[in-house]
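Work through these exercises with the model open. Try each task before reading its solution.

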Amino acid sequence: MKKIYTLALSLCMVLGAVANPALVSRNNYQLLPSLSTSDVELASSVKKAPAATQGLQYDAETGNMVRYYNETDFLEITTDYVEEYGELYIDIMAGDVSDCLSLLLFVEDTVEFSIIPEGVYPITNTGAAGTARASEGYHQTLGVIPCAYYPLMEQGGQLYITTPMYFMVSGTVTVEYNEMGIPKITVDAVNSNGVTIKTIFEIGGKSGIEMEKTPLKYDATEADGALDYTYGEDAVAAATDKGWYGTLDVEDATSMLALLFVYPEGATADATTTIPVGTYTISDSQAPGTVLASSGVSSTGGLSYSFYGTVDAEGYIEVPIYFLVDGTVTVSEVNGELAVEVNGLNSNGVAVHVVYGAVDTAVEDVTTVGGDITKSLENGQLVIIKNGVKYNATGSVVK
């Protein structure tokens with residue numbers, strides 16, 4: 001067994017031994033349980049290729065990402081070096097425990113006072129010295145297989161992995177030191193779907209994430225126009241409680257609204273509405289008090305919450321679809337019944353306004369007191385004009 005030396009830096013480094021050197025995952029967090037995909041799907045004629053031709057399960061399909069870490073984030077290094085293989089695990093956890101970068105390097109030896117040998121490590125599946133491990137995705141028992149980046153979520157006092165993840169299958173991990181002996185770790189990688197990932201750990205550098213928001217496939221464009229739809233009395237709503245989150249699916253003969261709510265802290269299902277009343281922010285964070293932002297269509301043709309779409313005679317969702325990625329959803333009780341109003345945007349920035357039940361909307365409230373309000377479409381988006389000021393469907397001023 002080789003001796004490993006700690007680094008004298010003002011950040012938290014923990015050194016330990018891996019009991020089984022053949023084990024290629026140490027942070028075996030469980031996937032956050034959720035109903036991320038609805039029961040409806042696209043018609044076969046517009047589905048993507050079968051899952052077998054897609055990338056690894058749970059791997060990000062879009063959204064190139066750059067993640068910066070610095071000394072405010074937690075760095076853990078463990079190793080167990082034997083003749084057959086030398087495994088050097090590097091885990092960088094966000095200071096707010098919102099995500100983690102997990103790397104596995106194969107090294108022949110360690111360098112005194114540096115822990116991580118300097119060099120460029122190609123990401124491969126060979127296991128040869130001087131390389132980094134190519135990820136094989138998520139294993140239900142072992143967890144995330146390095147090299148990978150994945151978001152985290154705390155729920156009920158337990159830490160869970162959320163999706164999408166970024167499994168690195170090619171690229172490089174570069175380790176370099178400055179004149180003070182302080183390391184910099186740079187990852188330039190590509191995942192199994194061709195999405196690029198770059199991560200940089202640097203003392204004195206910045207900490208944050210830059211995510212490229214790409215339009216979702218089949219999402220409505222400006223040419224398709226803004227959506228302003230109110231369900232009639234014949235619409236059927238199914239609200240399902242799942243303990244700390246719930247789903248709401250509203251259908252009529254021609255369309256479907258599908259929403260997934262993460263309950264606010266301490267909230268439980270309401271006796272009348274099932275979904276706790278309140279205003280929820282549309283977000284992919286899965287944080288309490290949010291509605292899950294859609295990630296589009298899965299590799300099997302299922303639609304991820306939350307979205308609105310028209311339905312054909314066979315019950316399939318037609319395109320274009322309105323995938324909700326931003327805005328708010330308000331749940332209220334009106335005359336003893338559930339009422340919901342969506343004021344959102346899809347991945348192309350198209351306004352989405354959907355009403356179910358007897359909702360007293362902001363526009364209707366102003367109308368009852370004599371406000372001067374008109375609605376119009378400008379460049380394919382819904383614009384609400386109140387007393388000469390233009391607002392979009394989320395209530396923001398349009399300049």
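**Exercise 1.** With the side chain of which tyrosine does the side chain of aspartate 99 make a polar contact at 3.0 Å?

Solution. First, the ground rules. This is a predicted model, in which local features need pLDDT of at least 70 and side-chain atom pairs count only at pLDDT 80 or more, while totals for chains, interfaces and linings use all residues. Residues are numbered from 1 along each chain as its sequence is written, and side-chain values use heavy atoms, with hydrogens and water left out.

Step 1. Apply the cut-off. A polar contact is a pair of N or O atoms within 3.5 Å; within protein, one must be able to donate a hydrogen and the other to accept it, and residues adjacent in sequence count only if both atoms are side-chain atoms.

Step 2. Read off the partner. It is tyrosine 69, at 3.0 Å. The side chain of tyrosine 149 also makes a polar contact with that of aspartate 99, at 2.9 Å.

Step 3. Widen the search to contacts (heavy atoms within 4.5 Å). Beyond four places in sequence, aspartate 99 touches residues including Ile92, Met93, Tyr150 and Leu152.

**Exercise 2.** Find the salt-bridge partner of aspartate 99 and place both residues.

Solution. Step 1. Use the definition: a side-chain nitrogen of Lys or Arg within 4 Å of a carboxyl oxygen of Asp or Glu. Side chains of opposite charge can pair when their charged atoms come close.

Step 2. The partner is arginine 67, with the closest N and O atoms 2.8 Å apart.

Step 3. Place them. Aspartate 99 is in strand 6 and arginine 67 in strand 3 (residues 65–69), so the bridge ties together parts 32 residues apart in sequence. Strands here are DSSP runs (E, at least two residues), as are helices (H or I, at least four), numbered from the N terminus.

Step 4. Check burial. Buried means under 20% relative accessible area, exposed over 50%, and partly exposed in between (1.4 Å probe, protein chains only). Aspartate 99 is buried at 4%. Arginine 67 is buried at 5%.

**Exercise 3.** How many salt bridges does a search of the whole structure find? Classify the residues of two others by exposure.

Solution. Step 1. The search finds 4.

Step 2. Take arginine 133 and glutamate 136, whose closest N and O atoms are 2.8 Å apart. Arginine 133 is buried at 16%. Glutamate 136 is exposed at 53%.

Step 3. Take lysine 206 and glutamate 210, at 3.3 Å. Lysine 206 is partly exposed at 46%. Glutamate 210 is partly exposed too, at 41%.

**Exercise 4.** Which strand gives the largest share of the largest nonpolar core?

Solution. Step 1. Define the core: buried Ala, Val, Leu, Ile, Met, Phe, Trp, Tyr and Cys residues joined through side-chain atoms within 4.5 Å.

Step 2. The largest core has 31 residues, and Leu103, Met168 and Val173 are among those with the most contacts inside it. Strand 13 gives the largest share, 5 residues.

Step 3. Look around leucine 103. Its contacts beyond four places in sequence include Ile90, Met168, Val173 and Ile185. A second, separate core has 30 residues, including Leu227 and Tyr356.

**Exercise 5.** Summarise the protein chain as a whole.

Solution. Step 1. Count the elements: 1 helix and 31 strands.

Step 2. Assess burial. Of the 399 residues, 46% are buried.

Step 3. Check sequence range. Among contacts between residues at least 6 apart in sequence, 59% join residues at least 24 apart.
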